[in-house]
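Here are a few short exercises to work through with the structure open in your viewer. Try each task before you read its solution.

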Amino acid sequence: MRANVLHNVFPVFALCAAAFCVAALVGGCAPAAGNDAASVVGVFGKTGFGDGEFSYPRAIAVSPVDGCVFVVDKTARIQRFSADGVFERLWQMPDYKNGKPTGLFVDRRNRVWVADTHYARVICFDRDGRELFRFGSYGEGPGQFIFPTSVLVDRDGFIYVGEYGGNDRISKFSADRKYLFSFADRASGQGWVDRPADMLMDEDGILWVADACHRRVCRYDRKGRWLSAFGIGNGEPGGLGFPYGMAMEASGTLLVADRGNSRIIRFDRSGRVLGTWGKPGRGKGQILQPWGVAVGRDGRIYCLDSWNNRVQVIEW
């Protein structure tokens, strides 16, 4: 099994490495780490295919039950770490020839939900990787998916699945996985999302969506009604170059993994920029194309430093 994984993922990893080398040649040597390095309280993961190693990690989630950290990468492996970054366990998705998952969520029952992107479905596991159930099929009809990118379970057990590739919408399901309705599709006017890369729901029942290809964050109520958006304009201080991950701090501030600009941005609830962390590079306090961000139970921030194949833990 391990040999097959290496065979399948090495070409992808090589292409990513080549792309990074080109970027380095164009932009010169990576700058030395700045003040952001002082915020880093831990780093775990490195390039490789072994336990605790990554090949282009693409989603991260923290358990609200025990604080464990889950990461999925382009080997289609889901790895579990302690809150301090100590490797504990891994398992591999049942199928991965067509592509690898891009979305993770851990609910209040410590179940791990995976948006199995290239298989048009969602699979739910227990914390040790035992499959509990799956749902979804390929198509454009109610309850079907093309490329599911993100999944979320709210406090009442309702399930939300974001997708792209033709449907470009969010679908809501009951706790027993019955389709209810879809929203944020192309017929939704200003509320349409183009690749909803991540979602979260706050304590007020507001659904926040990383609308990646529109380079903004959108907000909806639980009935799917569009409320507002912010972040448009890549050249501005709060402009987003493909937001791929989000997390909310206990204070209610929003953290966005700005993949296109290799940084984390902190927003207040109105969309005002409160600060940024990170800049392109490979040193401590530097990141390259972060696909995700998560907040631990103690308030520490986990930055999924995707092109550097690591997670940086920061206190900011």
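**Exercise 1. Find out how many aromatic pairs there are, then classify the one formed by F44 and F81.**

Solution. Keep in mind that this is a predicted model. A search of the whole structure turns up 17 aromatic pairs. For F44 and F81, start with the ring centres, which are 4.8 Å apart. Next, take the planes: they meet at 45°, so this pair counts as tilted. Now locate the partners: F44 belongs to strand β1 (residues 40–44) and F81 to strand β4 (residues 77–81), 37 residues apart. Finally, check exposure: F44 is buried at 6% relative accessible area, and F81 is buried too, at 1%. Ring pairs also join F44, F54, F81 and F87 into a cluster.

**Exercise 2. Do the same for F135 and F173.**

Solution. The centres are 5.2 Å apart and the planes 65° apart. Planes over 60 degrees apart count as edge-to-face, so that's the label for this pair. F135 sits in strand β9 (residues 131–135) and F173 in strand β12 (residues 169–173), so the pair ties together parts 38 residues apart in sequence. Both are buried: F135 has a relative accessible area of 9%, F173 one of 2%.

**Exercise 3. Work out which strands stand at the edges of the sheet β10-β11-β12-β13.**

Solution. The sheet is open and its pairing antiparallel. β10 (147–153) and β13 (179–183) each have a single partner strand, so they're the edges. From one strand to the next, the twist averages 20°. β10 pairs with β11 (residues 159–164) over 6 bridges, and V151 has V161 as its bridge partner in β11.

Technical notes:
Residues are numbered from 1 along each chain as its sequence is written. This is a predicted model: local features need pLDDT of at least 70, side-chain atom pairs count only at pLDDT 80 or more; totals for chains, interfaces and linings use all residues. Side-chain values use heavy atoms; hydrogens and water are left out. Two strands pair if DSSP finds at least two bridges between them. Helices (H or I, at least four residues) and strands (E, at least two) are DSSP runs, numbered from the N terminus. Axes are lines fitted to C-alpha atoms, for helices over the stretch in contact, and angles run from 0 to 180 degrees between N-to-C directions. Rings of Phe, Tyr and Trp (its six-membered ring) pair if their centres lie within 6.5 Å; planes under 30 degrees apart count as stacked, over 60 as edge-to-face and the rest as tilted. Buried means under 20% relative accessible area, exposed over 50%, partly exposed in between (1.4 Å probe, protein chains only).
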